[in-house]
Amino acid sequence: MSGSTYTVTSGDSLWKITNNIFKEKGKNLADEDIAKNVKILAEKNNLDLNSELPVNIELDTSCFDEAKKEVKNTGENTNTNTKQTKEKQKVDPENLMTDSLFEQEGVFHTVEPGKSLWGITKEYLGEDTPDSEIASMVTALAEANNIQDASNINVGTQLDISCLFDDTNLNKEVDEDKQITDPFEEKDYSNGVNFEHDGSVGAKQEYYKSTVENGALSGKTIMVNAGHGGVNSATGFDPGAAHDGYEEWTYNQEYAEELSEKLLAQGADVVMTQGYYKEAVKLIPDFAEKFGDGENNDNLKLVSIHANYNANSSASGLCYYWSEENGALNPDNDLYKSLREATDKYGLDYNYSSGETAYKLLSGANEYNIDNTIVEIGFLSNPQERAKLESEEYKDALTDALVEGIINDYKA
Ligand SMILES: [Zn+2]
């Protein structure tokens with residue numbers, strides 16, 4: 001088997017190894033063909049293209065053996081004997097990784113759970129690729145695959161990624177309204193959180209990176225969802241619960257902003273979202289991929305802020321909802337318990353209507369092991385409680401308690 005293996009040395013990459021093997025065989029491959037063969041080599045050796053190549057492992061390079069024969073049979077001596085041709089036909093197609101493969105249309109990548117077009121493109125182009133170049137490539141990738149909604153690609157989709165190996169796409173001129181941008185573009189928070197409803201259909205989000213380095217929440221990322229307040233194509237503007245001209249979304253937004261500012265002050269990065277929940281759910285895979293720890297997403301949490309309504313105007317108290325559909329999805333998701341302990345400690349009125357819900361945003365977070373809960377901050381249908389909700393004291397106490405509960409939950 002000598003000649004069919006290669007021992008990885010420090011500084012090697014699959015790209016370099018593949019390129020060299022073909023060079024030794026007298027073949028100078030175009031980048032696109034190197035890319036195809038890198039994928040073949042990775043598959044042959046069960047290597048993850050996204051992980052670092054371990055040094056000193058022995059690679060099985062027999063998938064490239066056929067290339068040698070090919071070279072021998074072409075070149076100056078163009079006599080091809082029939083025996084050779086037959087032999088070639090007998091080769092297991094899985095091991096036939098030479099020119100015949102180059103003739104195949106396209107190179108394919110199967111969409112794994114939790115992967116976005118943005119993330120997949122970044123993996124192929126490299127972590128250090130500027131966002132502007134990724135944006136161009138993602139747009140080219142969506143175009144090449146006829147993807148209309150880049151934020152919603154199905155797991156298992158076979159993407160033709162050959163366009164990713166065409167450098168001219170890096171600077172491709174793209175219509176501004178067709179350009180796909182980083183779903184989590186960083187905002188400057190030096191002047192505080194500024195999160196206004198912008199009237200667009202879908203979910204709005206802004207990503208704020210904390211400037212606090214050694215805070216209790218440094219290294220963590222929280223998605224703070226201000227419930228409602230968005231526009232969806234089916235029903236138009238969604239104010240949430242409305243009562244006597246008071247609309248839920250305005251309370252949700254104020255509390256979400258205050259909470260976000262306090263989280264940022266503790267070192268957490270914050271992704272604020274607002275809008276149609278079905279659109280917000282689509283952000284979850286990108287959120288997990290961009291900010292997660294790559295394993296259990298222990299560094300991520302999601303808190304969705306809502307205000308409550310009840311036909312009985314005496315109903316009062318804040319409460320929590322959580323989601324544990326199918327039991328096993330996220331058994332560790334007890335964020336609401338930590339939050340409740342903190343709000344109890346602050347003496348805030350708790351309402352026992354709290355419970356389990358099938359709210360889609362929460363189950364979306366469950367799928368990615370992101371601790372999550374809905375905080376119903378109080379009843380806007382209760383005049384006394386509404387006055388409380390509008391007071392700075394209550395807003396301050398509740399958001400302080402939530403921050404403390406989140407910090408405690410990370411310790412638990
Ligand atoms: Zn609501």
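Modeller: Two residues are in contact if their C-beta atoms, placed from the backbone, lie within 7 Å. The model before us is predicted, and in this protein 78% of the contacts between residues at least 6 apart in sequence join residues at least 24 apart.

Biologist: What makes up the secondary structure of the protein?

Modeller: The protein has 13 helices and 16 strands. Of its 412 residues, 38% count as buried.

Biologist: What makes the sheet of 8 strands an open one, and which strands stand at its edges?

Modeller: The order of the strands is S5-S6-S12-S7-S13-S16-S14-S15, with mixed pairing. Strand S5 (186–187) and strand S15 (355–356) are the edge strands; each has a single partner strand, so one side of each lacks a neighbour in the sheet.

Biologist: How do you know that S13 and S16 pair?

Modeller: Two strands pair if at least two bridges are found between them. Strand S13 (residues 300–308) and strand S16 (residues 371–379) are joined by 7 bridges and run parallel, so the requirement of at least two is met. Two of the partnerships can be named: Leu302 has Asn372 in S16 as its bridge partner, and Ile305 has Val375 in S16.

Biologist: Which helices pack on the sheet here?

Modeller: Helix H10 (residues 335–345) touches S13, strand S14 (319–322) and S16, and its direction makes about 40 degrees with that of S16. Helix H13 (residues 392–411) also packs on the sheet, where it touches strand S7 (221–226), S13 and S16; the angle between its direction and that of S16 is about 160 degrees.

Biologist: Why is S16 called largely enclosed?

Modeller: A residue is buried if 20 or more other C-beta atoms lie within 10 Å of its own. In S16, 9 of the 9 residues are buried, so the strand is largely enclosed by the rest of the structure. S16 also pairs with S14 in the antiparallel sense, over 3 bridges, and there Tyr320 stands opposite Val375 in S16.

Biologist: Why is His306 called buried?

Modeller: The cut-off is 20 or more other C-beta atoms within 10 Å. His306 has 25 such atoms within 10 Å, and it is therefore buried. This residue lies in strand S13. Apart from its neighbours within four places in sequence, His306 is in contact with Gly227, Gly240, Glu248, Asn252, Ile374 and Glu376. Another separation can be given for His306: Cys319 is 13 residues away in sequence and 9.8 Å away in space, C-alpha to C-alpha.

Biologist: How do you know that both faces of S12 are covered?

Modeller: In a regular strand the side chains alternate between the two faces of the sheet. On one side of S12, Asp269, Val271, Thr273 and Gly275 are buried, and on the other side Val270, Met272 and Gln274 are buried. Strand S12 (residues 269–275) thus has 7 of its 7 residues buried.

Biologist: In which sense does S12 pair with S6, and in which sense with S7?

Modeller: Strand S6 (residues 203–208) pairs with S12 in the antiparallel sense over 6 bridges, whereas S7 pairs with S12 in the parallel sense over 6 bridges. Val271 in S12 is the bridge partner of Tyr207, and Val271 is also the bridge partner of Met223.

Biologist: Why are H8 and H13 called oblique to each other?

Modeller: Angles under 35 degrees count as roughly parallel, over 145 as roughly antiparallel, 65 to 115 as roughly perpendicular and the rest as oblique. The axes of helix H8 (residues 248–265) and H13 come within 9 Å and cross at roughly 50 degrees. That angle falls in none of the three named ranges, and the two helices are therefore oblique. Their crossing is right-handed.

Biologist: Which residues of H8 and H13 meet?

Modeller: From H8 come Glu254, Tyr255, Glu258, Leu259, Lys262 and Leu263, and they meet Lys395, Thr399, Leu402 and Val403 in H13. By class, this contact has 5 nonpolar, 1 polar and 4 charged residues.

Biologist: What describes the crossing of H6 and H7?

Modeller: The axes of helix H6 (residues 117–125) and helix H7 (residues 131–144) come within 9 Å and cross at roughly 115 degrees. This crossing is right-handed. Leu117, Trp118, Thr121, Lys122 and Leu125 in H6 meet Glu133, Ile134, Met137, Val138, Leu141 and Ala142 in H7. The residues of this contact divide into 8 nonpolar, 1 polar and 2 charged.

How values were computed:
Residues are numbered from 1 along each chain as its sequence is written. This is a predicted model: local features need pLDDT of at least 70, side-chain atom pairs count only at pLDDT 80 or more; totals for chains, interfaces and linings use all residues. Helices (H or I, at least four residues) and strands (E, at least two) are DSSP runs, numbered from the N terminus. A residue is buried if 20 or more other C-beta atoms lie within 10 Å of its own, exposed if 12 or fewer, and partly exposed in between; C-beta atoms are placed from the backbone. Axes are lines fitted to C-alpha atoms, for helices over the stretch in contact, and angles run from 0 to 180 degrees between N-to-C directions. A crossing is left-handed if the near helix is turned anticlockwise from the far one by less than a right angle, and right-handed if clockwise. Ala, Val, Leu, Ile, Met, Phe, Trp, Tyr, Cys and Pro count as nonpolar, Asp, Glu, Lys and Arg as charged, and the others, Gly among them, as polar.
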